[in-house]
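This report goes through one protein model, from a single loop residue to the overall dimensions, the helix packing and the surroundings of two ligands. Please keep the sequence and the coordinates at hand while reading.

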Amino acid sequence: MMKFVFYFTVISTVIFPLGKCYSEEKNVNNNMIINAPFENFERKFKPDWKDLDTRQLPKWYDDAKIGIFLHWGLYCVPGYHSEWFWAYWKGGDKEIVKFMADNYPPGFTYQDFAPMFKAEFFNASDFAELFLKSGAKYVVLTSKHHEGYTLFPSKRSFSWNSVETGPHRDLVGELSEAVRQKGLKFGVYHSLYEWYNPIYLEDKKANFTTRHYAESKLWPDLKQLVNDYKPSVIWSDGDWEANDTYWKSTDLLAWLYNDSPVKDEIVVNDRWGIGTSCKHGDFYNCADRYNPGKLQNHKWENAFTMDLTSWGYRRNMAIQDVMSIDKFLFHVISTVSCGGNALINVGPTKEGTIAPIFAERLLELGQWLKVNGEGIYESSPWMSQNDTFNHFVWYTCRKQQYNAYRPTARPKKSDTVTAIYAFFLKWPSNNNDMLVIADITKYLQKGNWQVNVLGYDEPLRWETTNTGKTKIYLPRIEKVKSKHAWTLKFKPRQ
Ligand SMILES: *[C@@H]1O[C@H](CO)[C@@H](O)[C@H](O)[C@H]1NC(C)=O
Ligand SMILES: *[C@@H]1O[C@H](CO)[C@@H](O)[C@H](O)[C@H]1NC(C)=O
Ligand SMILES: *[C@@H]1O[C@H](CO)[C@@H](O)[C@H](O)[C@H]1NC(C)=O
Ligand SMILES: *[C@@H]1O[C@H](CO)[C@@H](O)[C@H](O)[C@H]1NC(C)=O
């Protein structure tokens with residue numbers, strides 16, 4: 001995607017009657033628990049951050065937990081280095097300059113890649129079927145990356161869109177329909193800036209005191225996207241050279257939330273101008289591959305790539321560049337445990353296919369979710385995130401109430417927790433298959449609990465110790481359905 005150059009992997013005292021576990025802490029100003037219908041639907045938002053930031057998070061997004069991100073654009077034609085190919089080439093990157101000199105005729109331009117983008121095997125319903133099987137609940141496609149080439153017939157990208165050059169197809173249109181037909185939500189990524197758009201460059205030269213690009217290109221394009229394709233997510237990017245005053249971000253969001261055809265269900269990220277990241281938006285993204293490993297105060301998303309070094313497809317990707325299933329599940333589980341959604345990126349090819357290694361990983365995730373998904377979808381953060389004794393164990397819970405103002409809050413006194421889940425990423429290495437954890441102990445010592453491992457029918461034997469540990473006696477590993485990470489379910493008996 002994104003700030004490619006700045007890659008950073010940024011990475012209580014409790015009382016509980018039966019069936020409950022809650023924190024006595026009060027949330028500052030967020031005590032209200034609202035089930036649908038949202039207050040959002042009744043009100044008008046002012047175009048300032050203070051007001052926009054009071055919007056409740058549409059529940060579908062918090063429930064979904066897992067989405068697919070697709071970086072697809074002309075960079076998949078050279079399929080080399082990354083989606084930042086053009087900028088690095090023009091910036092004189094030695095490897096790319098040599099790659100072009102070795103493989104393309106003199107005078108070849110980036111624009112010359114466009115006719116070579118054919119997407120001849122692209123079948124949107126096959127894509128959608130794969131994403132459905134992966135267990136994802138939403139799909140976000142790059143409607144336009146920083147190169148400016150649009151995957152929809154933008155009325156302001158004359159000869160620089162997928163209908164007029166390249167595949168001669170409306171890729172946003174085809175995918176949005178196919179994805180919805182499978183019952184998934186559809187969203188668009190959109191780069192605010194365009195590296196070499198002359199109108200943008202003029203505004204930039206004027207230190208963004210003029211706004212010709214924002215007003216005559218960006219805004220109308222975004223409105224066309226929203227009106228024609230009704231996305232449920234707008235994933236904004238390329239915001240970092242100018243402030244939100246230049247982009248008129250708050251005006252756009254007020255329109256989206258008040259008057260657009262997607263006002264009730266739209267969610268947006270946090271890249272809306274200098275200084276907005278990790279501060280504003282329905283969900284925070286904060287940085288590429290953000291996975292902080294602890295509970296966040298605000299709904300957030302971990303956008304990460306299956307190809308460890310690029311968001312766009314690379315033809316020279318090697319097997320060791322592909323994230324292992326264990327790493328992959330670690331990201332999904334730890335992210336959800338800390339209140340995030342996982343947005344998993346794969347870059348389609350210029351032929352319109354998804355590399356089989358990516359497809360295989362996605363299908364493995366889908367298999368895993370079939371067994372373990374009840375601890376992921378519609379879950380909430382629990383009192384602990386990773387266990388203080390056994391760091392490989394991550395918790396979530398299910399509760400009846402949805403906290404639309406603060407979906408990442410720990411369970412409160414007024415919440416009814418119906419189950420607690422503990423995911424363990426490593427099977428215990430001792431001979432008797434005994435897992436030892438700590439943070440659940442004080443809950444188990446009160447009330448009456450049934451403990452299961454998902455993918456195995458019999459309840460498990462367990463005991464708590466006077467040193468605050470819980471020992472759980474697992475079945476033999478081969479008797480449990482999952483092969484990579486496992487889920488304990490703690491259910492209060494009635
Ligand atoms: C896409 O694939 C499905 C089967 O997977 C097929 O029924 C359909 O005709 C294909 N669509 C196109 C446009 O080729
Ligand atoms: C933009 O800002 C720079 C640095 O502050 C200044 O030198 C330049 O004159 C400004 N340009 C315009 C068109 O205002
Ligand atoms: C945003 O940028 C414009 C143009 O450079 C400037 O006039 C304005 O003061 C800036 N606003 C903020 C809040 O920094
Ligand atoms: C898990 O928790 C411990 C502290 O309890 C911490 O040191 C560790 O970094 C956490 N995160 C991960 C990813 O293990």
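Is D433 buried, partly exposed or exposed, and how many other C-beta atoms lie within 10 Å? The model is a predicted one, and in it D433 has 17 other C-beta atoms within 10 Å, so that this residue counts as partly exposed; 20 or more would be needed for a residue to be buried. D433 lies in the loop that joins β11 (417-424) to β12 (434-437), and its phi is positive, at about 55 degrees, although D433 is not a glycine.

A second non-glycine residue with a positive phi is F208, for which the angle is about 60 degrees. F208 belongs to the loop between α7 (198-205) and α8, and with 18 other C-beta atoms within 10 Å it is partly exposed. A positive phi is also found at G183, which follows helix α6 and has a value near 85 degrees. The table lists these three angles.

| Residue | Phi |
|---|---|
| D433 | about 55 degrees |
| F208 | about 60 degrees |
| G183 | near 85 degrees |

**Overall dimensions**

The secondary structure of the protein chain consists of 13 helices and 16 strands. Its radius of gyration is 24 Å, close to the 23 Å that the globule rule gives for 494 residues, and the chain is therefore as compact as a globular protein of that length. Taken along the principal axes, the C-alpha atoms fill a box of roughly 75 × 50 × 40 Å, and 47% of the 494 residues count as buried.

**Helices and a buried loop residue**

Helix α5 (residues 124-134) packs with helix α12 (residues 356-372) at an angle of about 40 degrees, their axes being 7 Å apart, and the two helices are therefore oblique to each other. On the side of α5 the contact is made by L130, K133 and S134, and on the side of α12 by A359, L362, L363, L365 and G366. By class, the residues of this contact are five nonpolar, two polar and one charged.

Helix α5 is also among the elements that cover the buried residues of α6, and these elements include β4 (138-144), β5 (185-191) and α8 (212-229) as well. The buried residues of α6 (residues 171-181) are L171, V172, E174, L175, S176, A178 and V179.

In the loop between β3 (66-70) and α3 (85-90) lies V77, which counts as buried because it has 22 C-beta neighbours inside 10 Å. Apart from its neighbours within four places in sequence, V77 is in contact with F113, M116, F117 and K350. The C-alpha atoms of V77 and T396, which are 319 residues apart along the chain, are separated by 42 Å.

**Surroundings of the ligands**

Which residues are found around ligand 3? They are N207, F208, T209, N243, T245 and Y246, and this shell has two nonpolar, four polar and no charged residues. F208, whose positive phi was described above, is thus one of the residues around ligand 3.

Around ligand 4 the residues are G293, N386, T388 and H391. By class, the shell around ligand 4 has four polar residues, with no nonpolar and no charged ones.

Methods: Residues numbered from 1 in each chain as written. Chains lettered and ligands numbered in written order. Predicted model: local features only at pLDDT ≥ 70, side-chain atom pairs only at ≥ 80, totals over all residues. Axes fitted to C-alpha atoms, helices over the stretch in contact; angles between N-to-C directions. Helix = DSSP H or I, 4+ residues; strand = E, 2+ residues; numbered from the N terminus. Parallel < 35°, antiparallel > 145°, perpendicular 65-115°, else oblique. Contact = placed C-beta atoms within 7 Å. Nonpolar A, V, L, I, M, F, W, Y, C, P; charged D, E, K, R; others polar. Near = placed C-beta within 6 Å. Rg over C-alpha atoms; globule rule 2.2 N^0.38 Å. Buried ≥ 20, exposed ≤ 12 C-beta atoms within 10 Å, placed from the backbone.
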